[in-house]
Amino acid sequence: MFIGVHDLWDLLGHLFNLIYLAAFMARDRRRMQGLIMGAAALELVYFLRVADEPLWSGVIWSGAYLAYAGVGLLREQLSTTTRLHPGP
């Protein structure tokens with residue numbers, strides 16, 4: 001059975017949505033942010049490559065999710081580091 005290019009793009013679309021679903025079920029905040037970042041990165045590739053022209057509304061939203069999760073992960077890491085190593 002041959003899988004065409006469109007089928008592969010459909011599989012990628014299902015994959016990033018499944019990763020988003022896993023992020024909603026994550027109990028650990030860092031795991032949730034990491035899963036959101038992974039799904040948003042795959043979604044970004046999808047919206048840039050699935051059509052002849054990039055689907056800019058999807059690209060912008062994927063970038064926003066990626067930025068949100070990245071900032072959240074950074075804030076979580078900085079707050080943990082600050083609690084472990086208090087200043088003078």
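Hi everyone, this is a short tour of one protein chain, from its overall layout down to a few residues.

Before we start, please keep in mind that we are looking at a predicted model.

Let's begin with the whole chain. You can see three helices and zero strands, so to speak an α-α-α order when you read from the N terminus. Of the 88 residues in the chain, 26% are buried. The accessible surface comes to about 6700 Å², and carbon and sulfur atoms account for 67% of that area. What about contacts along the sequence? If we take contacts between residues at least 6 apart, 53% of them join residues at least 24 apart.

Now let's zoom in, starting with helix 3. This helix covers residues 56-84, and Ser-62 is part of it. Is Ser-62 buried or exposed? Ser-62 has a relative accessible area of 1%, and because the cut-off for buried is under 20%, Ser-62 counts as buried. Which residues does Ser-62 touch, once we leave out those up to four places away in sequence? They are Ala-40, Glu-43, Leu-44 and Phe-47. With one of these, Glu-43, there is also a polar contact from side chain to side chain, at 3.2 Å.

Next, please find helix 2, where Gln-33 sits. Gln-33 is buried too, and its relative accessible area is 0%. Again setting aside residues up to four places away in sequence, Gln-33 touches Tyr-68, Ala-69, Gly-72 and Leu-73.

My last stop is about charge. In general, side chains of opposite charge can pair when their charged atoms come close. How many salt bridges does the structure hold? There is one. Glu-76 and Arg-29 form this salt bridge, and their closest N and O atoms are 3.7 Å apart. The pair links distant parts of the chain, with Glu-76 in helix 3 and Arg-29 in helix 2, which spans residues 29-49. In sequence, the two partners are 47 residues apart.

And how accessible are these two partners? Glu-76 has 22% relative accessibility and counts as partly exposed. Arg-29, at 43% relative accessibility, counts as partly exposed as well.

To recap, we went from a chain of three helices to buried Ser-62 with its polar contact to Glu-43, then to buried Gln-33, and finally to the salt bridge between Glu-76 and Arg-29. Thanks for listening!

Notes: Residues numbered from 1 in each chain as written. Predicted model: local features only at pLDDT ≥ 70, side-chain atom pairs only at ≥ 80, totals over all residues. Heavy atoms only, no water. Helix = DSSP H or I, 4+ residues; strand = E, 2+ residues; numbered from the N terminus. Buried < 20%, exposed > 50% of the residue type's maximum accessible area, 1.4 Å probe, protein only. Contact = heavy atoms within 4.5 Å. Areas by Shrake-Rupley, 256 points an atom, 1.4 Å probe, with all protein chains shown as cover. Polar contact = N/O pair within 3.5 Å; in protein donor to acceptor, adjacent residues only side chain to side chain. Salt bridge = Lys/Arg side-chain N within 4 Å of Asp/Glu carboxyl O.
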